[in-house]
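Hello,

Here is the structure I said I would pass on. My notes on it follow below, for you to read alongside the model.

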Amino acid sequence: MGDGTFKVLECPELGRYGVAGRNLKAGDRLFEELPFAVGPKLDSPPLCLECCCPVDGGEGGPRCSRCGWPLCEDCSGPGSELVYHRGECEVFAASGVRFRPVEDSTAGCVQLDCITPLRVLLAKEADEARWTREIEPMEYHDAERRESANWKVDENNIVSFLCGPCKLGDRFSRELVQRAIGLLD
């Protein structure tokens, strides 16, 4: 920022960080940025993939008429314009991968764990320059993650799902999918 609010420094061990360039008051805006991707966090209960409001994940819950994944009535109604759900909707519709109804709409829904990594990958594809400039330099803790139990769970639940049934293996390598997951972690 040109007003001296803060400066960005870099440390080999920790990466980039901000340091205040002047005394700050509560409520001072330090910066604004456009998110690279927006989506549900891991282990979210069923929610609308457009507005993120909770939805019924059961058999009769609201769904996207095109791909069959959760969308609330407001977001799936006539005249609704999809912003966030559009990319994965195309993937799910083309591959025929449908959302499987869940018994408990208050519990975490592992099916949704693929959504945000997929949105990161689709955003990379749409804006390679921004990926290279802003996202690629980020640490994703590859070595540490490979040693964790989460790596295998992610490999099975997210990587294999996206590269297999979703038919994205030719567009995104398994390593790139794991990188997207690591960046989000």
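Subject of these notes: F36 and the rest of the chain

F36 is found in the loop between β2 and α1. Please keep in mind throughout that this is a predicted model.

What surrounds F36? Leaving out residues up to four places away in sequence, F36 touches V120, A123, K124, D127, R130, W131 and I135. One of these, K124, is 88 residues from F36 along the chain, yet the C-alpha atoms of the two are separated by 8.5 Å. F36 has a relative accessible area of 16% and is therefore buried, the cut-off being under 20%.

The chain as a whole

The protein chain has 185 residues, of which 39% count as buried. Its secondary structure comes to seven helices and two strands. In sequence order the pattern is β-β-α-α-α-α-α-α-α, with both strands ahead of the helices. The C-alpha trace spans about 55 × 40 × 30 Å along its principal axes.

Taking contacts between residues at least 6 apart in sequence, 61% join residues at least 24 apart. The contact between F36 and K124 belongs to that group, given the 88 residues that separate them along the chain.

The protein chain exposes about 11100 Å², and 51% of that area is supplied by carbon and sulfur atoms. As for charge, there are 22 positive and 32 negative side chains. The centres of the two sets lie 2 Å apart.

The loop between β2 and α1

F36 shares this loop with other residues of interest. The loop runs between β2 (15–20) and α1 (73–76), and F31 is found in it. F31 forms a nonpolar patch on the surface with L24 and L30. Together the three have about 250 Å² of accessible area. F31 itself counts as partly exposed, because its relative accessibility is 46%. F36, by contrast, is buried.

D43 is found in the loop between β2 and α1 as well. Its phi is positive, at about 65 degrees, although D43 is not a glycine. With 53% relative accessibility, D43 counts as exposed.

H141 also has a positive phi without being a glycine, in this case about 50 degrees. H141 is found in the loop between α4 (128–135) and α5. Its relative accessibility is 41%, so H141 counts as partly exposed.

Salt bridges

How many salt bridges does the structure hold? The structure holds twelve. I describe some of them here.

R145 takes part in two of the bridges described here. Its side chain meets that of D154 at 2.9 Å, N to O. Are the two partners buried or exposed? D154 counts as buried because its relative accessibility is 7%, and R145 is buried because its relative accessible area is 8%.

R145 also forms a salt bridge with D185, where the closest N and O atoms are 3.1 Å apart. This pair links distant parts of the chain: R145 is in helix α5 (residues 142–146), D185 is in the segment after α7 (174–184), and their positions lie 40 residues apart in sequence. D185 counts as exposed, because its relative accessibility is 55%. The bridge between D185 and R145 thus joins an exposed residue to a buried one.

Elsewhere, R22, K25 and D28 are joined into one network by salt bridges that share partners. Within that network, the side chains of D28 and K25 meet at 3.9 Å, N to O. K25 counts as exposed, because its relative accessibility is 61%. D28 is partly exposed, because its relative accessible area is 23%.

Regards

Definitions and conventions: Residues numbered from 1 in each chain as written. Predicted model: local features only at pLDDT ≥ 70, side-chain atom pairs only at ≥ 80, totals over all residues. Heavy atoms only, no water. Patch = residues over 30% accessible without salt bridge, like charges linked within 9 Å, V, L, I, M, F, W, Y side chains within 5 Å. Areas by Shrake-Rupley, 256 points an atom, 1.4 Å probe, with all protein chains shown as cover. Salt bridge = Lys/Arg side-chain N within 4 Å of Asp/Glu carboxyl O. Helix = DSSP H or I, 4+ residues; strand = E, 2+ residues; numbered from the N terminus. Buried < 20%, exposed > 50% of the residue type's maximum accessible area, 1.4 Å probe, protein only. Contact = heavy atoms within 4.5 Å. Lys, Arg positive; Asp, Glu negative; His and termini not counted. Charge placed at Lys NZ, Arg CZ, Asp CG, Glu CD.
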